[in-house]
Amino acid sequence: RDPMLVGHSMGGVVARIALADGKGRIARAVQLGAPNAGSFAPVLALRGVYPTVRKLAALDLRHDAEDLARIVFRSLPSLHELLPDAALTGGPDLFDPSNWPDDGLRPDPDMLAEAAAARNRWPDADPRCLHIVGTRQETVTQAERRGGQFRFRYTNDGDGTVPLALARVPGSKTWFVAETHGGLPNNGKVIAAVVDLLRDGATKRLPGSHRIRSRAGRTVPESVLRRVAPHKVRWQDLSPDARRRLLEPVVSPEFHGAV
C-alpha cells in the first residue's frame with residue numbers, strides 16, 4: 001500500500017514537496033500548520049527578536065540574541081526559504097536584501113537569491129495534500145521597515161507562528177481549528193481529524209471554511225521586542241513547564257526581568 005505522510009510546520013512543507021516528487025508513490029499528505037507561503041517567524045529569528053531566540057540567548061552565557069542571529073540563523077538556507085510571500089502580505093519583498101535594515105543582521109544576498117529560486121520550485125496545489133491550520137492566535141501578519149528597524153503588525157489571523165494568508169494554498173482542501181502552532185499536533189480533535197483525512201480524505205470534525213474577520217491588532221517595533229528576556233537565566237532555575245516550552249514562542253515568567 002502506498003505510504004501517507006503527516007507533517008507539522010516546516011515538516012508539512014517537506015511532505016508537500018515529497019508528495020510532488022514521489023512519482024505517485026505517496027497516497028496522501030496531511031499538513032499541520034504548514035507555512036506554505038512562508039512566515040514572519042524567520043524574519044524575527046534573523047533579526048534576533050523571535051521569543052525562542054531571545055530565550056536561548058538568555059541561557060547562553062557567552063552570546064546575546066543578535067550574536068545567535070548573526071552566527072547561526074543567517075547561515076541556515078531553510079530559514080531563508082521560509083520568508084513570507086510579499087504578494088500575500090502586502091509588505092516589502094524580503095527576498096530583496098535592500099528591503100532589510102542596513103546592519104550586521106541583514107541576510108546574505110546570495111542566500112536570499114538561492115532561497116527565492118528554491119521557493120519558485122515548490123509545487124502547486126495537489127488534491128492529495130490536505131491541510132489543518134490554526135486560527136485565532138496573535139500572529140505577526142505584516143512587517144514594514146521604518147528607518148533602521150522593522151515594525152511588526154500582530155493580529156489574530158493565524159496560529160501564533162503562521163498567518164492564515166501564508167498557510168493556505170489556493171486549490172487545496174483546508175480545515176480550521178482555534179489552536180496554537182505548537183499545540184496542533186497535541187490537540188485531540190486535530191488528531192482525530194488527521195485519522196479521518198488519512199483514511200477518507202475528508203473530515204467533519206473541523207470546519208472547512210474560515211473568514212479573516214478583522215485586521216485590528218497592534219504594531220510593535222523591534223526595539224520593544226529586544227526587551228524580551230533581558231537577563232541571563234540559569235537552566236537549573238527554570239520551572240519544568242518553562243523547560244518543556246523552551247522552543248515555543250511563549251516567554252514564561254522566568255525569562256522576564258527589569259529592562
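These legends describe close-up views of a predicted model.

**View 1. The parallel sheet.** Strands in the order 1-2-3-6 make up an open sheet of 4 strands with parallel pairing. Strand 1 and strand 6 (173-177) are the edge strands, and each of them pairs on one side only. From one strand to the next, the twist averages 15°. Within this sheet, strand 2 and strand 3 (residues 129-134) pair in the parallel sense over 4 bridges. L32 stands opposite I132, which belongs to strand 3.

**View 2. Helices against the parallel sheet.** Helix 1 packs on the sheet of order 1-2-3-6. Helix 1 touches strand 1, strand 2 and strand 3, and its direction makes about 150° with that of strand 1. Helix 9 (residues 188-200) lies across strand 1, strand 2, strand 3 and strand 6. The direction of helix 9 runs at about 160° to strand 2.

**View 3. The antiparallel sheet.** A further view shows an open sheet of 3 strands, in the order 4-5-7, with antiparallel pairing. Its edge strands are strand 4 (139-146) and strand 7 (218-221), each pairing on one side only. The twist in this sheet averages 25° from one strand to the next. Strand 4 and strand 5 are joined over 7 bridges in the antiparallel sense. T139 has T155, in strand 5, as its bridge partner.

**View 4. An aromatic cluster of W100, F150 and F152.** A search of the whole structure finds 2 aromatic pairs. One of them is formed by W100 and F150, with 5.5 Å centre to centre and 75° between the planes, an edge-to-face arrangement. The arrangement is called edge-to-face because the angle is over 60 degrees. W100 lies in the loop between helix 6 (86-89) and helix 7 (109-120), while F150 lies in strand 5 (residues 149-155), so the pair ties together parts that are 50 residues apart in sequence. W100 is buried, with a relative accessible area of 0%, and F150 is also buried at 0%. F150 forms an aromatic pair with F152 as well, at 5.9 Å centre to centre and 50° between the planes, and this pair is tilted. F150 and F152 are both buried. Together, W100, F150 and F152 form one aromatic cluster.

**View 5. Arginines over aromatic rings.** R119 lies over the face of W122, at 5.0 Å from the ring centre. Elsewhere in the model, the charged end of R218 sits over the ring of Y154. The distance from R218 to the centre of the Y154 ring is 4.8 Å.

**View 6. Surroundings of S9.** S9 is placed in the loop between strand 1 (4-8) and helix 1. The side chains of S9 and H181 are joined by a polar contact of 2.8 Å. Leaving aside residues up to four places away in sequence, S9 touches L32, G33, A34, P35 and H181. L32, one of the residues that S9 touches, is the residue that stands opposite I132 in strand 3.

**View 7. Surroundings of G38.** G38 lies in the loop between strand 2 (28-32) and helix 2 (41-46). The residue is buried, with a relative accessible area of 0%. Not counting residues up to four places away in sequence, G38 touches L82, L83, P84, R119, V162 and L166. R119, among these contacts of G38, is the arginine that lies over the face of W122. By contrast with these contacts, G38 and P109 are 18 Å apart in space, C-alpha to C-alpha, and 71 residues apart in sequence.

**View 8. A20 in helix 1.** A20 has its place in helix 1 (residues 10-21). A20 is partly exposed, with a relative accessible area of 40%. A distance of 26 Å separates the C-alpha atoms of A20 and G182, which are 162 residues apart along the chain. The helix that holds A20 is the one that touches strand 1, strand 2 and strand 3 of the parallel sheet.

Note on methods. Residues are numbered from 1 along each chain as its sequence is written. This is a predicted model: local features need pLDDT of at least 70, side-chain atom pairs count only at pLDDT 80 or more; totals for chains, interfaces and linings use all residues. Side-chain values use heavy atoms; hydrogens and water are left out. Rings of Phe, Tyr and Trp (its six-membered ring) pair if their centres lie within 6.5 Å; planes under 30 degrees apart count as stacked, over 60 as edge-to-face and the rest as tilted. Helices (H or I, at least four residues) and strands (E, at least two) are DSSP runs, numbered from the N terminus. Buried means under 20% relative accessible area, exposed over 50%, partly exposed in between (1.4 Å probe, protein chains only). A charge sits over a ring if NZ of Lys or CZ of Arg is within 6 Å of the ring centre and within 35 degrees of the ring normal. Two strands pair if DSSP finds at least two bridges between them. Axes are lines fitted to C-alpha atoms, for helices over the stretch in contact, and angles run from 0 to 180 degrees between N-to-C directions. Contact means heavy atoms within 4.5 Å. A polar contact is a pair of N or O atoms within 3.5 Å; within protein, one must be able to donate a hydrogen and the other to accept it, and residues adjacent in sequence count only if both atoms are side-chain atoms.
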